[in-house]
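Subject: Handing over a structure

Hi,

Here is the structure I promised to send over. Please have a look, and then read on for what turned up in it.

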Amino acid sequence: MDFTYNGSICSDLGLIKNFVDNILKKLNSIIDNKDTIFDIRLIMNELIINGVFHGNHCIDTKCVNLSLDVQKDRIIISVKDEGEGIDFDINTYDPLDLKCGGRGLVLVHGLSDELIVNENQIIAIKYIS
């Protein structure tokens, strides 16, 4: 069941859907749980879009790198952009605050079993059975 993917995408929001779909086609032969695949899709979409939009400011000469590692009991998704990084604290999120941003990482946090923010790299870990 081990699977590793490393790739990158230019900071063009229009390319993300096909990029994620191509990765999921490969994962569908390894992971048969549709709920897990759905969660992985959302995690990758949110992290890549955040990297393109917030990290790289949609500058198409900058890239977002994705590393996906499926092991026996977990999936590790790592996304790194070319931005300066963020300082994320889930405890400061206020769901009643109607800001336009900030919900993506909260969503990823909720879908992941572990979330590690290291400047311009986000690592989401999801355990599978």
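Which residue of β2 is the bridge partner of Gly7? That partner is Leu66.

Before going further: this is a predicted model, in which local features need pLDDT of at least 70, side-chain atom pairs count only at pLDDT 80 or more, and totals for chains, interfaces and linings use all residues. Residues are numbered from 1 along each chain as its sequence is written, and side-chain values use heavy atoms, leaving out hydrogens and water.

Strands (E, at least two residues) and helices (H or I, at least four) are DSSP runs numbered from the N terminus, and two strands pair if DSSP finds at least two bridges between them. Five strands form an open antiparallel sheet in the order β1-β2-β3-β5-β4. Its edges are β1 (3-10) and β4 (114-118), each pairing on one side only.

β1 and β2 (residues 63-70) pair over eight antiparallel bridges; Phe3, for example, is matched with Val70. On to β3: β2 pairs with β3 in the antiparallel sense over six bridges, and Leu66 has Val79 as its bridge partner there. A hairpin of three residues joins β2 to β3.

Side chains along β2 alternate: Val64, Leu66, Leu68 and Val70 point to one face and are buried (under 20% relative accessible area, 1.4 Å probe, protein chains only), while Cys63, Asn65, Ser67 and Asp69 point to the other face and are not buried.

Then there is helix α1 (residues 16-28). Its buried residues, including Phe19 and Leu24, pack against β1, α2 and β2.

Best wishes

Terms used. The expected span of a helix is 1.5 Å times one less than its number of residues. Buried means under 20% relative accessible area, exposed over 50%, partly exposed in between (1.4 Å probe, protein chains only). Contact means heavy atoms within 4.5 Å.
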